[in-house]
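Subject: Structure handover

Hello,

Here is the structure I promised to pass on. Please open it first, then read the notes below.

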Amino acid sequence: MNIIIKKNYREMSKKAAEEVAQAIQNKPNLILGLASGSTVIELYKILVEKSQKGELDFSQVTTFNLDEYVGTQIYHSFMREHLFSKINIKKENTFFPPEDPAKTEIFEQLIQDKGGIDLQILGLGLNGHIAFNEPGSSFESRTRIVNLTQTTLSDNAKFFSDPSHIPGQAVTLGIADIMEAKKILLLASGKEKSQIVSKALKGPVTEEIPASILQKHPDVTVLLDQEAAKLLEKESELSAWIDPSTIIN
Ligand code: GLP
(Lines give C-alpha, C1' and ligand atoms only; values in the text may rest on other atoms or scores of the structure.)
Protein backbone atom coordinates (compact mmCIF):
# COMPACT_ATOMS: atom_id res chain seq x y z
CA MET A 1 0.00 0.00 0.00
CA ASN A 2 1.42 3.36 -1.04
CA ILE A 3 0.26 6.30 1.03
CA ILE A 4 0.75 9.73 -0.51
CA ILE A 5 0.04 12.75 1.63
CA LYS A 6 -0.42 16.12 -0.07
CA LYS A 7 -0.71 19.46 1.65
CA ASN A 8 -4.31 20.16 0.72
CA TYR A 9 -7.38 18.98 -1.20
CA ARG A 10 -6.33 20.69 -4.44
CA GLU A 11 -2.85 19.10 -4.42
CA MET A 12 -4.32 15.70 -3.56
CA SER A 13 -6.76 16.01 -6.47
CA LYS A 14 -3.97 17.07 -8.84
CA LYS A 15 -1.99 13.98 -7.94
CA ALA A 16 -5.07 11.78 -8.44
CA ALA A 17 -5.67 13.38 -11.86
CA GLU A 18 -2.06 12.70 -12.82
CA GLU A 19 -2.51 9.04 -11.92
CA VAL A 20 -5.69 8.78 -14.01
CA ALA A 21 -4.14 10.66 -16.93
CA GLN A 22 -1.08 8.42 -16.85
CA ALA A 23 -3.27 5.31 -16.84
CA ILE A 24 -5.21 6.57 -19.90
CA GLN A 25 -2.01 7.48 -21.71
CA ASN A 26 -0.62 4.00 -21.04
CA LYS A 27 -3.87 2.32 -22.08
CA PRO A 28 -6.21 4.52 -24.17
CA ASN A 29 -9.05 1.98 -23.84
CA LEU A 30 -8.76 1.98 -20.03
CA ILE A 31 -11.56 0.44 -17.97
CA LEU A 32 -12.03 3.05 -15.27
CA GLY A 33 -14.06 2.59 -12.10
CA LEU A 34 -15.60 5.85 -10.87
CA ALA A 35 -16.91 7.14 -7.56
CA SER A 36 -19.36 9.93 -6.76
CA GLY A 37 -19.37 12.25 -3.75
CA SER A 38 -17.69 15.45 -2.70
CA THR A 39 -14.11 14.09 -2.55
CA VAL A 40 -13.83 13.41 -6.28
CA ILE A 41 -15.27 16.74 -7.51
CA GLU A 42 -11.88 18.49 -7.84
CA LEU A 43 -10.32 15.41 -9.46
CA TYR A 44 -13.05 15.43 -12.12
CA LYS A 45 -12.62 19.19 -12.60
CA ILE A 46 -8.91 18.72 -13.31
CA LEU A 47 -9.61 15.82 -15.68
CA VAL A 48 -12.07 18.07 -17.55
CA GLU A 49 -9.42 20.80 -17.79
CA LYS A 50 -6.86 18.34 -19.14
CA SER A 51 -9.37 16.99 -21.63
CA GLN A 52 -10.39 20.46 -22.81
CA LYS A 53 -6.73 21.40 -23.29
CA GLY A 54 -6.37 18.34 -25.52
CA GLU A 55 -4.06 16.57 -23.05
CA LEU A 56 -6.43 13.71 -22.36
CA ASP A 57 -8.56 11.61 -24.70
CA PHE A 58 -11.53 9.71 -23.27
CA SER A 59 -12.83 8.51 -26.65
CA GLN A 60 -11.85 4.90 -26.03
CA VAL A 61 -12.28 4.84 -22.25
CA THR A 62 -15.04 2.77 -20.62
CA THR A 63 -16.31 3.68 -17.15
CA PHE A 64 -18.19 1.75 -14.50
CA ASN A 65 -19.67 3.76 -11.66
CA LEU A 66 -19.70 2.22 -8.22
CA ASP A 67 -23.19 2.97 -7.02
CA GLU A 68 -26.52 4.80 -7.23
CA TYR A 69 -29.43 5.59 -4.90
CA VAL A 70 -32.37 3.31 -5.70
CA GLY A 71 -35.20 4.96 -7.59
CA THR A 72 -33.10 7.99 -8.48
CA GLN A 73 -30.56 9.05 -11.06
CA ILE A 74 -28.69 11.25 -8.60
CA TYR A 75 -25.23 9.86 -9.27
CA HIS A 76 -25.99 9.67 -13.01
CA SER A 77 -26.66 13.42 -12.90
CA PHE A 78 -23.60 14.01 -10.72
CA MET A 79 -21.38 12.27 -13.27
CA ARG A 80 -22.96 14.13 -16.18
CA GLU A 81 -22.54 17.45 -14.42
CA HIS A 82 -18.97 16.98 -13.20
CA LEU A 83 -17.43 14.83 -15.92
CA PHE A 84 -19.30 13.11 -18.73
CA SER A 85 -20.90 16.17 -20.35
CA LYS A 86 -17.53 17.96 -20.46
CA ILE A 87 -15.22 15.30 -21.92
CA ASN A 88 -15.22 13.29 -25.13
CA ILE A 89 -16.36 10.02 -23.56
CA LYS A 90 -19.00 8.03 -25.47
CA LYS A 91 -22.24 7.78 -23.53
CA GLU A 92 -22.55 4.11 -24.51
CA ASN A 93 -19.24 3.46 -22.76
CA THR A 94 -20.47 4.70 -19.34
CA PHE A 95 -22.12 2.13 -17.08
CA PHE A 96 -23.84 2.11 -13.70
CA PRO A 97 -24.88 -0.90 -11.60
CA PRO A 98 -28.48 -1.90 -12.41
CA GLU A 99 -31.29 -1.67 -9.87
CA ASP A 100 -32.98 -4.72 -11.32
CA PRO A 101 -31.51 -7.80 -9.54
CA ALA A 102 -32.20 -9.82 -12.72
CA LYS A 103 -29.65 -7.67 -14.55
CA THR A 104 -26.87 -7.84 -11.97
CA GLU A 105 -25.25 -10.91 -13.45
CA ILE A 106 -25.16 -9.36 -16.94
CA PHE A 107 -23.56 -6.24 -15.44
CA GLU A 108 -20.85 -8.21 -13.65
CA GLN A 109 -20.26 -10.27 -16.81
CA LEU A 110 -19.86 -7.06 -18.79
CA ILE A 111 -17.05 -5.93 -16.48
CA GLN A 112 -15.36 -9.31 -17.01
CA ASP A 113 -15.90 -9.20 -20.79
CA LYS A 114 -14.20 -5.81 -20.92
CA GLY A 115 -11.20 -7.37 -19.17
CA GLY A 116 -11.96 -6.14 -15.64
CA ILE A 117 -11.49 -2.73 -14.06
CA ASP A 118 -7.97 -1.43 -14.66
CA LEU A 119 -8.12 1.51 -12.27
CA GLN A 120 -10.75 1.98 -9.57
CA ILE A 121 -11.23 5.38 -7.95
CA LEU A 122 -12.66 5.16 -4.44
CA GLY A 123 -13.85 7.62 -1.84
CA LEU A 124 -14.18 6.71 1.82
CA GLY A 125 -17.37 6.98 3.86
CA LEU A 126 -17.14 8.34 7.40
CA ASN A 127 -18.18 4.91 8.66
CA GLY A 128 -15.54 3.17 6.53
CA HIS A 129 -17.81 2.28 3.64
CA ILE A 130 -16.47 1.93 0.12
CA ALA A 131 -19.04 2.52 -2.61
CA PHE A 132 -22.21 1.75 -0.61
CA ASN A 133 -20.81 -1.33 1.14
CA GLU A 134 -21.80 -0.42 4.66
CA PRO A 135 -20.17 -1.82 7.82
CA GLY A 136 -20.98 -5.52 8.12
CA SER A 137 -20.94 -6.09 4.34
CA SER A 138 -19.32 -9.38 3.45
CA PHE A 139 -15.89 -9.23 1.85
CA GLU A 140 -17.38 -11.72 -0.66
CA SER A 141 -20.24 -9.36 -1.58
CA ARG A 142 -21.14 -8.63 -5.20
CA THR A 143 -23.34 -6.05 -6.92
CA ARG A 144 -26.62 -5.79 -5.01
CA ILE A 145 -29.21 -3.55 -3.36
CA VAL A 146 -28.29 -2.47 0.17
CA ASN A 147 -29.99 -0.63 3.01
CA LEU A 148 -28.13 2.53 3.92
CA THR A 149 -27.17 3.12 7.54
CA GLN A 150 -28.40 6.09 9.52
CA THR A 151 -24.83 7.48 9.56
CA THR A 152 -24.64 7.46 5.78
CA LEU A 153 -28.10 8.99 5.43
CA SER A 154 -27.16 11.90 7.68
CA ASP A 155 -23.65 12.29 6.19
CA ASN A 156 -25.09 12.47 2.67
CA ALA A 157 -28.05 14.71 3.51
CA LYS A 158 -25.97 17.63 2.21
CA PHE A 159 -26.50 16.41 -1.36
CA PHE A 160 -30.30 16.70 -1.13
CA SER A 161 -32.29 19.92 -1.11
CA ASP A 162 -34.87 18.10 1.05
CA PRO A 163 -33.00 15.61 3.26
CA SER A 164 -36.24 13.74 3.97
CA HIS A 165 -36.12 12.62 0.32
CA ILE A 166 -32.92 10.57 0.65
CA PRO A 167 -33.68 7.04 -0.48
CA GLY A 168 -32.94 4.42 2.18
CA GLN A 169 -31.50 2.03 -0.36
CA ALA A 170 -28.74 2.01 -2.96
CA VAL A 171 -27.35 -0.34 -5.56
CA THR A 172 -23.62 -0.90 -5.22
CA LEU A 173 -20.77 -2.95 -6.54
CA GLY A 174 -19.72 -5.43 -3.89
CA ILE A 175 -16.44 -5.60 -2.03
CA ALA A 176 -15.33 -8.65 -4.05
CA ASP A 177 -15.95 -6.65 -7.26
CA ILE A 178 -13.87 -3.74 -5.98
CA MET A 179 -11.05 -6.04 -4.85
CA GLU A 180 -10.84 -7.47 -8.39
CA ALA A 181 -9.78 -4.09 -9.80
CA LYS A 182 -6.18 -4.27 -10.96
CA LYS A 183 -5.25 -0.97 -9.31
CA ILE A 184 -7.11 1.11 -6.72
CA LEU A 185 -6.81 4.81 -5.90
CA LEU A 186 -8.43 5.64 -2.55
CA LEU A 187 -8.97 9.34 -1.86
CA ALA A 188 -9.80 11.00 1.45
CA SER A 189 -9.70 14.64 2.41
CA GLY A 190 -10.49 16.73 5.48
CA LYS A 191 -10.06 16.27 9.22
CA GLU A 192 -13.44 14.59 9.67
CA LYS A 193 -12.03 11.63 7.72
CA SER A 194 -8.83 11.34 9.81
CA GLN A 195 -10.20 8.82 12.31
CA ILE A 196 -11.64 6.47 9.74
CA VAL A 197 -8.51 6.78 7.58
CA SER A 198 -6.40 5.68 10.50
CA LYS A 199 -8.75 2.78 11.37
CA ALA A 200 -9.04 1.61 7.77
CA LEU A 201 -5.34 1.73 6.98
CA LYS A 202 -3.73 0.56 10.18
CA GLY A 203 -6.50 -1.10 12.16
CA PRO A 204 -7.50 -4.74 11.90
CA VAL A 205 -9.00 -5.98 8.63
CA THR A 206 -12.64 -6.41 9.56
CA GLU A 207 -16.02 -6.35 7.84
CA GLU A 208 -17.01 -3.69 10.38
CA ILE A 209 -14.64 -1.31 8.50
CA PRO A 210 -15.19 -2.26 4.84
CA ALA A 211 -12.26 -0.16 3.59
CA SER A 212 -9.85 -2.12 5.80
CA ILE A 213 -9.91 -4.94 3.21
CA LEU A 214 -7.87 -2.67 0.95
CA GLN A 215 -4.86 -3.52 3.12
CA LYS A 216 -4.98 -6.91 1.37
CA HIS A 217 -5.10 -5.57 -2.19
CA PRO A 218 -1.80 -5.88 -4.09
CA ASP A 219 -1.88 -2.44 -5.74
CA VAL A 220 -3.51 0.35 -3.74
CA THR A 221 -2.45 3.97 -3.66
CA VAL A 222 -4.01 6.05 -0.91
CA LEU A 223 -4.09 9.78 -1.60
CA LEU A 224 -4.70 11.96 1.43
CA ASP A 225 -4.48 15.59 2.31
CA GLN A 226 -2.69 16.52 5.50
CA GLU A 227 -5.90 16.89 7.48
CA ALA A 228 -7.14 13.41 6.60
CA ALA A 229 -3.67 12.02 7.38
CA LYS A 230 -3.44 13.82 10.73
CA LEU A 231 -3.66 10.75 12.93
CA LEU A 232 -1.39 8.71 10.66
CA GLU A 233 1.34 11.31 10.84
CA LYS A 234 1.21 11.35 14.62
CA GLU A 235 1.42 7.57 14.71
CA SER A 236 4.30 7.54 12.29
CA GLU A 237 6.35 9.72 14.63
CA LEU A 238 5.88 7.13 17.35
CA SER A 239 6.49 4.00 15.34
CA ALA A 240 7.57 3.28 11.79
CA TRP A 241 4.35 1.50 10.88
CA ILE A 242 4.23 2.99 7.39
CA ASP A 243 5.32 0.71 4.59
CA PRO A 244 8.82 1.67 3.32
CA SER A 245 7.32 2.36 -0.12
CA THR A 246 5.27 5.19 1.38
CA ILE A 247 5.84 8.56 -0.18
CA ILE A 248 5.08 11.61 1.88
CA ASN A 249 4.99 14.86 -0.09
C1 GLP B 1 -20.61 8.06 -0.55
C2 GLP B 1 -20.58 7.24 -1.84
C3 GLP B 1 -19.21 6.75 -2.12
C4 GLP B 1 -18.27 7.87 -1.77
C5 GLP B 1 -18.19 7.99 -0.28
C6 GLP B 1 -17.48 9.25 0.20
O7 GLP B 1 -21.69 7.80 0.25
N8 GLP B 1 -21.47 6.15 -1.89
O9 GLP B 1 -19.10 6.28 -3.45
O10 GLP B 1 -16.99 7.60 -2.28
O11 GLP B 1 -19.47 7.87 0.28
O12 GLP B 1 -18.26 10.37 -0.03
P13 GLP B 1 -17.70 11.86 0.07
O14 GLP B 1 -16.64 11.95 -0.97
O15 GLP B 1 -18.86 12.74 -0.24
O16 GLP B 1 -17.15 12.02 1.43
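Let me begin inside the sheet. Ile184 sits across from Val220 of strand 10. This is a predicted model, so please read everything here with that in mind.

**Strand 9 and its partners**

Ile184 has a partner on another strand too: Gln120 is opposite Ile184 in strand 9. Strand 9 covers residues 183–188. It pairs with strand 10 (residues 220–225) through five bridges, and the two run parallel. Strand 6 (residues 119–122) is also parallel to strand 9, with four bridges between them. One more pair of partners there is Leu119 and Lys183, the latter in strand 9.

Is strand 9 enclosed or open? Five of its six residues are buried, so the rest of the structure largely encloses strand 9.

**Strand 6**

Strand 6 has a further parallel partner. Strand 2 (residues 31–34) joins strand 6 by two bridges. Leu32 has Leu119 of strand 6 as its bridge partner. So much for the pairing; now the side chains.

Side chains in a regular strand alternate between the two faces of the sheet. In strand 6, Leu119 and Ile121 point one way. Gln120 and Leu122 point the other way. All four named residues are buried.

**The whole protein**

How many helices and strands are there? The protein has eight helices and 11 strands. Its chain has 249 residues, for which a compact globule would have a radius of gyration near 18 Å. The protein has 17 Å, which agrees with that. The C-alpha trace spans about 50 × 40 × 35 Å along the principal axes.

Of the 249 residues, 54% are buried. Now take the contacts with a separation of 6 or more. Residues 24 or more positions apart account for 81% of them.

The accessible surface is about 11,200 Å². Carbon and sulfur atoms supply 49% of that surface. As for charge, there are 27 positive and 33 negative side chains. The centres of the two sets are 5 Å apart.

**Residues to look up**

*Thr62.* This residue belongs to strand 3 (residues 62–65). Its relative accessible area is 5%, so Thr62 is buried. Setting aside neighbours within four places in sequence, Thr62 contacts Leu30, Ile31, Leu32, Asn93, Phe95 and Lys114.

*Val70.* Look for Val70 in the loop between strand 4 (67–69) and helix 3. Val70 is partly exposed, because its relative accessibility is 23%. Beyond neighbours within four places in sequence, Val70 contacts Glu99, Ile145, Pro167, Gln169, Ala170 and Val171. Asn29 is 41 residues away from Val70 along the chain, and their C-alpha atoms are 30 Å apart.

*Lys91.* Is Lys91 buried or exposed? Its relative accessibility is 68%, so Lys91 counts as exposed. Lys91 lies in the loop between helix 3 (74–82) and strand 5 (94–95). Between the C-alpha atoms of Lys91 and Ala181 there are 22 Å, with their positions 90 residues apart along the chain as the separation.

*Ala131.* Check the backbone here. Ala131 is not a glycine, yet its phi is positive, at about 50°. Ala131 is in the loop that runs between strand 6 and strand 7 (144–147). With 8% relative accessibility, Ala131 counts as buried.

*Leu173.* Where is Leu173? It is in the loop between strand 8 (169–172) and helix 6 (175–179). Leu173 is buried, since its relative accessibility is 1%. Residues up to four places away in sequence are not counted in what follows. Leu173 touches Ala131, the residue described above, and also reaches others, including Asn65, Leu66, Pro97 and Phe107. Ile111, Ile117, Asn133, Arg142, Thr143 and Arg144 are among its contacts as well. Val61 is 112 residues from Leu173 in sequence, and the two are 19 Å apart, C-alpha to C-alpha.

**Where to start**

I would begin with strand 9, between its parallel partners strand 6 and strand 10. Then go to Leu173 and follow its contact with Ala131.

Best wishes

Note on methods:
Residues are numbered from 1 along each chain as its sequence is written. This is a predicted model: local features need pLDDT of at least 70, side-chain atom pairs count only at pLDDT 80 or more; totals for chains, interfaces and linings use all residues. Side-chain values use heavy atoms; hydrogens and water are left out. The radius of gyration is taken over C-alpha atoms; the globule rule is 2.2 Å times the number of residues to the power 0.38. Buried means under 20% relative accessible area, exposed over 50%, partly exposed in between (1.4 Å probe, protein chains only). Contact means heavy atoms within 4.5 Å. Accessible areas come from the Shrake-Rupley method with a 1.4 Å probe; for residues, only the protein chains shown count as cover. Lys and Arg count as positive and Asp and Glu as negative; His and the chain ends are not counted. The place of a charge is taken as NZ of Lys, CZ of Arg, CG of Asp or CD of Glu. Two strands pair if DSSP finds at least two bridges between them.
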